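Student: I've got a model open and I'd like to go through the labels people put on it. Can we ask of each one what earns it?

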Amino acid sequence: MAQTEVGTVLGAVSGHAEMSRAIRVAAVVFLALLTAIAAQVAVPLPFTPVPLTLQPMVVLLGGAALGSRLGMSSQLLYLCAGIAGLPVFAPSAVLPAGVFRLLGPTGGYLLSYPLAAFLTGWLAERGFDRRYSASVLAMSGGLAIIFTFGVTWLALFARPTPLGFEAALLAGFYAFLPVDIYKVLVAAAILPTVWRVTGRRNPEPRNP
């Protein structure tokens, strides 16, 4: 049975809002795979156990393109793959593997991905991805969730040793913020371009 994903880029590209289960499943799996690939593009930094990756950009852009439910589902699938032991997390000589990665210094960032994708997709469904400035705002909201979860976890809950907020901001926020803002500014231009190409810029109302 088809399900409606109104007002998403995925719906526009597929040519209709009513998408089959196969299209929705394929989109979720594809975005989870892209997230895993983005994790492999990891740059370790000498002052922090948190690597610099392309994952935030993929999570936010994918959430906006697929919408709230499918975007969140893709990130839940990604986390399940990592918990199962598949090599989908960023390669690291210091971070734990498998499910224990979620308990380590980067656990808060990873656990934030479903919620960040949901929020960005929810805003996109309401027209925030039609114009560049609104697209930046939607993705910035998702990025704020990633940093809030990531820094809080690093400060209070990370194993083996929580860092405290001052050290967590140094290790997981200040150095990453300029790079991630730049990535948002670049990624935010993609979706309005897709809407212009498809010729559909006006947001469609969500079904109640």
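**Earning the labels**

Tutor: Sure, and let's start with a helix. This is a predicted model, and in it helix α3 covers residues 55-66, which makes 12 residues, with a reach of 16 Å from first C-alpha to last.

Student: What makes that reach close to the expected one?

Tutor: The expected span is 1.5 Å times one less than the number of residues. For α3 that comes to 16 Å, and the helix reaches 16 Å. Helix α2 (residues 21-40) goes the same way: its 20 residues reach 29 Å, close to the 28 Å expected.

Student: Why is Q55, in α3, called buried?

Tutor: Buried means under 20% relative accessible area. Q55 has 4% relative accessibility, so it counts as buried. Its contacts, leaving out residues up to four places away in sequence, are T35, A38, A39, Y78, L110 and Y113.

Student: And how do you know that α3 as a whole is mostly covered?

Tutor: By counting: 11 of its 12 residues are buried. Among them are P56, V58, V59, L60 and L61, along with the glycines G62 and G63.

Student: What is worth a look just after α3?

Tutor: G67, with a positive phi of about 100°. Most residues other than glycine have a negative phi.

Student: Now M139. Where does it sit, and why is it called buried?

Tutor: M139 is in helix α6, residues 132-156. Its relative accessibility is 1%, and the cut-off for buried is under 20%, so M139 counts as buried.

Student: Which residues does M139 contact, apart from its neighbours in sequence?

Tutor: Once residues within four places are set aside, M139 contacts L60, L61, T120, V184, A187, A188 and L191. There's also a pairing in space to look at: M139 and M57 are 82 residues apart in sequence, with their C-alpha atoms 8.6 Å apart.

Student: What makes M139 stand out in the largest nonpolar core?

Tutor: Contacts. That core has 51 residues, and Y78 and M139 are the ones with the most contacts inside it. The largest share of the core comes from α6, with 10 residues.

Student: A144 is in α6 too. Why is it called partly exposed?

Tutor: Buried stops under 20%, exposed starts over 50%, and partly exposed is in between. A144 has 40% relative accessibility, so it counts as partly exposed. Its C-alpha is 8.2 Å from that of A116, 28 residues apart in sequence.

Student: And V29, in α2: what makes that one partly exposed?

Tutor: V29 has 44% relative accessibility, so partly exposed is the label for it. V29 and L70 are 41 residues apart in sequence and 9.7 Å apart, C-alpha to C-alpha. Elsewhere in α2 there are buried residues, including R24, A27, V28 and L31.

Student: Back to α6. How is its packing with helix α8 described?

Tutor: Two packed helices are described by the angle between their axes and the distance between the axes. For α6 and α8 (residues 177-187), the angle is about 145° and the axes are 9 Å apart. The crossing is right-handed.

Student: Which residues meet there?

Tutor: From α6, Y132, V136, M139, S140, L143 and F147; from α8, L177, D180, I181, V184, L185 and A187. Sorted by class, the contact has 10 nonpolar residues, one polar and one charged.

Student: After α6 there's a proline, P160. What makes the peptide bond from R159 to P160 cis?

Tutor: Its omega is near 10°, and the bond is classed as cis. Most peptide bonds are trans. P160 is in the loop between α6 and α7 (165-172).

Student: Zooming out, how many helices and strands does the protein chain have?

Tutor: Nine helices and four strands. From the N terminus, the order is β-α-β-α-β-β-α-α-α-α-α-α-α.

Student: What share of the protein chain is buried, and what share of its contacts join residues at least 24 apart?

Tutor: Buried residues make up 47% of the 208 residues in the chain. As for contacts between residues at least 6 apart in sequence, 69% join residues at least 24 apart.

Technical notes: Residues numbered from 1 in each chain as written. Predicted model: local features only at pLDDT ≥ 70, side-chain atom pairs only at ≥ 80, totals over all residues. Heavy atoms only, no water. Helix = DSSP H or I, 4+ residues; strand = E, 2+ residues; numbered from the N terminus. Buried < 20%, exposed > 50% of the residue type's maximum accessible area, 1.4 Å probe, protein only. Contact = heavy atoms within 4.5 Å. Axes fitted to C-alpha atoms, helices over the stretch in contact; angles between N-to-C directions. Left-handed = near helix turned anticlockwise from the far one by under 90°. Nonpolar A, V, L, I, M, F, W, Y, C, P; charged D, E, K, R; others polar. Core = buried A, V, L, I, M, F, W, Y, C linked by side-chain atoms within 4.5 Å.
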